[in-house]
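Here are some notes for a colleague who has not yet looked at this entry. Please read them with the sequence and the structure open.

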Amino acid sequence: MTPNLAIVRVESQYWRCPPLPLPVFLLWIPALVLAPIVLPILWVVCIFTHVRLWATLGVLWDILCGLPGTHVRVVTDGHKVTVRIL
């Protein structure tokens, strides 16, 4: 399953931002527009590096489908940013 929603939360010592839900599925629109440009470039790179194109696309798809459930937390100098991908 591909990721559909990312929840971003930004906190500081003095204030808190409410959780911001970001619709990740909307990124498919520019991805489809850029696909005719990116796929031939990826194909050329795979030819020069002697890597199979379908294996590369399979790995990229597996990484994309593995993103749901990812939690990233960055803390520095009293500021905290948390990203959860659902």
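1. Helices here are DSSP runs of H or I with at least four residues, strands are runs of E with at least two, and both are numbered from the N terminus. With that naming, helix H1 covers 28-49 and helix H2 covers 53-65, and each of them supplies at least two residues of the lining of the largest pocket. The model is a predicted one.

2. The pocket itself comes next. Its volume is about 560 Å³, and it is the largest pocket of the model. The lining consists of 16 residues. Those that lie nearest the centre of the pocket are Trp28, Ala31, Leu60, Trp61 and Leu64. Helix H1 gives the most to this lining, namely nine residues.

3. What is the lining of the largest pocket like by class? There are 16 nonpolar residues in it, and neither polar nor charged residues occur there.

4. One residue of helix H1 deserves a separate remark: Leu39 is found in this helix. Its relative accessible area is 42%, and because buried means under 20% and exposed means over 50%, Leu39 is classed as partly exposed. Between the C-alpha atoms of Leu39 and Leu53 the distance is 9.4 Å, while in sequence the two residues are 14 residues apart.

5. The strands should be checked as a group. An open sheet is formed by four strands, and their order across the sheet is E2-E1-E4-E3, with antiparallel pairing. At the edges are strand E2 (20-23) and strand E3 (71-76), each of which pairs on one side only. On average, neighbouring strands of the sheet are turned by 15° against each other, direction ignored.

6. How many bridges join E3 to strand E4? The number is six; strand E4 spans residues 79-85, and the two strands run antiparallel. Within this part of the sheet, Val75 has Lys80 of E4 opposite it.

7. Is Thr82, a residue of strand E4, buried or exposed? Thr82 counts as buried because its relative accessibility is 16%, and the cut-off for buried is under 20%. Leaving aside residues up to four places away in sequence, Thr82 touches Ile7, Val8 and Arg9, and also Val72 and Arg73.

8. For a second look, two places may be set side by side. Leu39 in helix H1 is partly exposed at 42%, whereas Thr82 in strand E4 is buried at 16%.

How values were computed. Residues are numbered from 1 along each chain as its sequence is written. This is a predicted model: local features need pLDDT of at least 70, side-chain atom pairs count only at pLDDT 80 or more; totals for chains, interfaces and linings use all residues. Side-chain values use heavy atoms; hydrogens and water are left out. Two strands pair if DSSP finds at least two bridges between them. Axes are lines fitted to C-alpha atoms, for helices over the stretch in contact, and angles run from 0 to 180 degrees between N-to-C directions. Buried means under 20% relative accessible area, exposed over 50%, partly exposed in between (1.4 Å probe, protein chains only). Contact means heavy atoms within 4.5 Å. On a 1 Å grid over the protein atoms alone, a cavity is a set of points where a 1.4 Å probe fits but cannot get out, and a pocket is an open set with protein on both sides within 12 Å along at least five of seven lines; lining residues have an atom within 4 Å of a point. Grid points are joined across faces, edges and corners, and a volume is the space filled by probe spheres set on the points. Ala, Val, Leu, Ile, Met, Phe, Trp, Tyr, Cys and Pro count as nonpolar, Asp, Glu, Lys and Arg as charged, and the others, Gly among them, as polar.
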